[in-house]
Amino acid sequence: MKWWRLSRIQAFMAVPRDNPELLKAQYSAFSRQLPMMYLILMSSTWAVAATHMRYAPFWLATGVPVLFTLACAVRVYFWWTSRNKVPTAAVALHALQRTNRLAPFIAIFFTAWALMLFPYGDAYEKSHLAFYMAITVITCIFCLMHLRSAAMTVTLIVNSVFAVFFLATGEPALIASAATIILVSIGMIVVLMVNYRDFVSMVNAQTRARRREEDQRRLLRMIDDLPVAVMTVDLDGFRINYVNETSRLLIRRIEHLLPVTADTLLGASIDVFHRHPEYQRQLLSDPARLPHSARITLGPEVLDLKVSAVTDDDGSYLGPMLRWAIVTKEVETEERIHQLAHTDMLTGLANRFAFSEDLKEQLLADDCHLALLYIDLDGFKLINDTRGHRIGDILLEQVARRLSDVCEGKATEVGRLGGDEFAAVIQSECEVQADSVARAIIEALCEPFTLTSDINVHIGASIGVALAPAHGRDLDTLLARADMALYAAKAAGKGRVQLFQPEMEALVQERVALEARLRAVLDTYDGLFVFYQPIVNIETGQITAREALLRWHDGARSWVGPGEFIPIAEQSGLIEQLGSFVLQAACREALSFPDEAPVAVNVSATQLGGDRLVPAVIAALQQSGLPVERLELEITETALLTAEAAGIDNLSRLRALGVKIALDDFGTGYSSLSNLQMFPFDKIKIDGSFVKNAVERHESAAVIRAIADLGKRLGARTVAEGVETPEQLDLVRREGCMDVQGYLYGRPQPTAGDRATVSRLP
Ligand code: C2E
Ligand code: MG
Ligand code: MG
C-alpha cells in the first residue's frame, strides 16, 4: 500500500489531535454517553449470562461477566465523574486515545466471550446470543459515534467475526441474521460517517462562531476602553445603537446641554445633537458623503465630530460610525494662537503678517482700488532712546489708539508693521482722499502725548502713499513703493505726505548703484578728497580751526555731495572706512597748515557708537604725528543720541586724550539742554539754517543769542555756521558768537597738493 494511503487511513482512524475544540467536544459527548454504553453492555451481558448459567461452566457464564462488570464499572466511574468537567485539549486527547486503544480489546473480549458461549444452550440461547451481539454492537456504535475511529474499530471487529462465525454455522436463520447484521452495519457505518462529519462541522462552526463572538467582544471592549468617544447609529430609525464608555463619560460632562443623559443615550435619536436633524440624517444615510467632519457648537462647548462609513466585507454600507470629542479648550487655544500670530501684542493692531495677508487678499479682488499708507513716526527713536523702552511702548500704544480713531470708518485695515512703522489701507484709489486721511493722521499724531503724569512728548509722522492698481497689484510691489514714497517724504523734511512717483524707483536704483560705486572707490580712494574750510575768530579774524569736509568725484556722475553719499555710507557700513580715510588725511594734511590751526573732523553716528573710533583716532594721530590738541571732532546732536551710552563713553575717552569735541548743527535736531548736559563740549556750532534767515527773522536771531549765552555759561566756544554776508557776520557778532564759518571767509578748498588734480576734474 502506498504510503499516502496508509497515512490517510491512519489519519482517519486517529484521534483528531490538531483540533482541540473537537477533542473537547468529543470528550464532553463521551462523558455523557459512555456511562450509558457501559451500563447497557453490562445489563445485556448479564441477561446473556443469566440464560447461559444453566448450560455453560460457571467461570464462563458468571466469572467472566463479573470481571467485565468490574472493568466496565471502572470505566463508568471514570466517565461519570468527568461529565461536568471542562477538560483541556491535552486531557481530552489523552482520554480519547485511551478509549481508542481500549475499543479493540473490549470488542475482542466481548466477541470472544459471546462466541465461547455459543456451543452451550439450545436454539433460543443461540438466538439470544446473536441478538445480544447485534444489539450491543449497535448500541456501541451509537454511543461511540463521536469518536469515529473507536466506533469503526468496534463495528469492524464485532461484525466481521460475527458474520464469519454465523455464516460458518450453516444455520439458515443464523446466516440470515448475519446477512442482516452486515447490511445494518453498512448502513450504520454510513450514518456514523455522516453524523461524525456533521458533528465535526458543527463543532467547527461553533468554534468559529465562538471565536467570532470573542473577537467581537474583545473589539467592543477595546472600543469601550479607547480614549476616543465612539457611537454607532442604526439606519432605520437613526437611533444610537452603540455607545462606548468614553462617549458616556463625555456625555456626562455636557448632559445639562442635551435632552438625553449618558444612561439614556443608547436607543436615543441622533437628532439630539443637531440643530438640523434632516441634514444630518441625509448625511448619515449616504456613504458617498462620508467621511465627514464637523464642528458642532453646543452652548458654550464645541464638539468635534467625525463620521465614517462602516461597511461589510462585500462593501455594502452597514451604517455610520461617529467619533467625537469635546474640543472647547482646543478651539480656544487655536483662537488664541491665531490671535497671537495675527495681532501685534503691544498695540492690539494687526501685525505685519496679518496686515500683509489681508492686503494680499484685497489685492486679489477684480475691482480692487485702494491706497496704502505707509506711516513712520518722526522722533520716536529719540524718545525711546532717551526715556526708555517702557515709555516708548506707552507712546506706541497711544499712537495706535489715535491711528485707529482717525482711521475709523475711513480705512479698512490698520496695522503695525514693526518698530515705529504703521500702515493703513483705504478703499479708494483717489489721491485726494488718501491725502486727506494721511493729513488727518499726521495732524492727530502731532498733538502732544501724555505718557505719564509728568512726561508729555511731541512726535510727528511722515507718510508714503502707493495706490493699487496704479502703482502695483501685488503686495511686495505696493509695500516697496509706499516705502519709497515714505523715504522721499522723510527726505523732504518729515511731517509730510508723499505719493509714490515713478521717478522714485529710479532714485532707489541710483542709490543702489551709487553704493556699489562708493564701495569700489574704497579700494583705491581715487576720487576722494578732503577739502578744508576755515573757522574764524570774529574778534581777531584769526583762523581758529579748519573743518575737514569730504568730497567725492564719481567718475560716472561728477561731484557727489556729502549730503547724498554720507547717508548711503552710513546705511551700508562703509562709513567706518570712509571715516578713517578722512581722519588720516586730515591729521596728515593739517601738519602743513601754515598757521598750525587745529583741524575739525566730522564723526557720524555709526562711528561714534562703534568700538573702532578711539583706536582709529589714536592711529591717525600717531601715524601723522599731529599734536593731539590740534584735533577736533564734530558730532551732531542726532549722532549723540543714536549712539547712546557707548558714544558718550568714546567721547570721554577721546577728550581725556586731549581731543576737542564740538557739538555740530546745534538747533536742527532735538535740541534740548539735556543734550548739552550729557557731555562737556568744547564747542557748539550753531546750524547754518538759523544764520541764513536771522537778519529777517527775529526768532532765529533770538535762538542764536540764546545759544551764544548758553555757550558762554558752559565754557564752550560758539561757532556760527553758514555766514555768507557781512550783515550775517554783524548779526552773529552782536548776538555773542565767538567764531564764524562760512563762504564769507572762505569756501571749503582742496589742499595745495590736490588743487591741480581737482581743477582738472569735470
Ligand atoms: P557740516 O559738518 O555741518 O559741515 C558744514 C557744511 O556747511 C558743509 O557742507 C559746508 O560746505 C557747508 N557750508 C559752510 N559754509 C557755508 C555757507 O556759507 N553757506 C552754505 N550754504 N553752506 C556752507 P558739506 O561739505 O556739503 O557737508 C555737508 C555735511 O556732510 C556736513 O555738515 C557733515 O555733516 C557731512 N560731512 C562732510 N564731510 C564729512 C565727513 O568726512 N564725515 C562725516 N561723517 N560727515 C561729513
Ligand atoms: Mg561739521
Ligand atoms: Mg555743521
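P291 sits in the loop between α9 (277-285) and β3 (292-298). Let me start there, with the backbone. The peptide bond between L290 and P291 is cis, with omega at about 0°. Keep in mind that this is a predicted model.

There is another cis bond to look at. A468 and P469 are joined by a cis peptide, and here omega is about 5°. P469 falls in the loop between β11 (460-468) and α15 (475-491).

One more backbone point. E596 is not a glycine, yet its phi is positive, about 55°. Where is E596? It lies in the loop between α18 (575-590) and β16 (599-603).

Now the metals. Take the magnesium ion (ligand 2). Which protein atoms hold it? The donors are E547 through OE, N602 through OD1, E634 through OE and D664 through OD. They lie 2.0 to 2.2 Å from the ion. Along the sequence, the spacing of these donor residues reads E-x54-N-x31-E-x29-D. E547 belongs to strand β14 (residues 543-554), and E634 belongs to strand β17 (residues 631-636). The pair therefore ties together parts that are 87 residues apart in sequence.

Next, the magnesium ion (ligand 3). Its protein donors are D664 (OD), D665 (OD) and E721, with E721 listed twice, each time through OE. Distances run from 2.0 to 2.7 Å. The spacing pattern along the chain is D-D-x55-E. So what links the magnesium ion (ligand 3) and the magnesium ion (ligand 2)? D664 bridges them, and the ions lie 3.9 Å apart.

On to empty space. A probe the size of a water molecule, rolled over the atoms, shows where space is left. The count here is three cavities of 30 Å³ or more.

The largest cavity holds about 230 Å³ of space. Its lining has 20 residues. L41, I106, A107, C140 and V154 are the ones nearest its centre. Which helices build that lining? At least two residues each come from α2 (20-52), α4 (89-117), α5 (123-143) and α6 (148-169). The top contributor is α4, with seven residues. By character, the lining splits into 16 nonpolar residues, three polar and one charged.

The second largest cavity has about 70 Å³ of space. M231, I270, F273, Q280, I296, L303, L305, L322 and W324 line it. Two strands, β4 (301-311) and β5 (317-326), are the elements that give two or more residues to this lining. The breakdown is eight nonpolar, one polar and no charged.

Now the surface, and helix α7. There is a nonpolar surface patch of about 510 Å². L167, I182, L183, I186, V190 and V194 make it up. Which element gives the most? Helix α7 (residues 172-225) does, with five residues. I186 is in that helix.

Staying on α7, we get a salt bridge. R218 pairs with D215, and the closest N and O atoms are 3.4 Å apart. That is inside the 4 Å cut-off used for a salt bridge. Both residues lie in helix α7, three residues apart, which is about one turn of the helix. For the whole model, the salt-bridge count comes to 32.

To recap the metal site: D664 coordinates both the magnesium ion (ligand 2) and the magnesium ion (ligand 3). And the cavities: about 230 Å³ in the largest, about 70 Å³ in the second largest.

Definitions and conventions. Residues numbered from 1 in each chain as written. Chains lettered and ligands numbered in written order. Predicted model: local features only at pLDDT ≥ 70, side-chain atom pairs only at ≥ 80, totals over all residues. Heavy atoms only, no water. Patch = residues over 30% accessible without salt bridge, like charges linked within 9 Å, V, L, I, M, F, W, Y side chains within 5 Å. Areas by Shrake-Rupley, 256 points an atom, 1.4 Å probe, with all protein chains shown as cover. Salt bridge = Lys/Arg side-chain N within 4 Å of Asp/Glu carboxyl O. Helix = DSSP H or I, 4+ residues; strand = E, 2+ residues; numbered from the N terminus. 1 Å grid on protein atoms, 1.4 Å probe; cavity = no way out; pocket = protein on both sides within 12 Å on 5 of 7 lines; lining within 4 Å. Points joined across faces, edges and corners; volume = space filled by probe spheres on them. Nonpolar A, V, L, I, M, F, W, Y, C, P; charged D, E, K, R; others polar. Donors = N, O, S within 2.8 Å, 3.2 Å for Na, K, Ca; no water.
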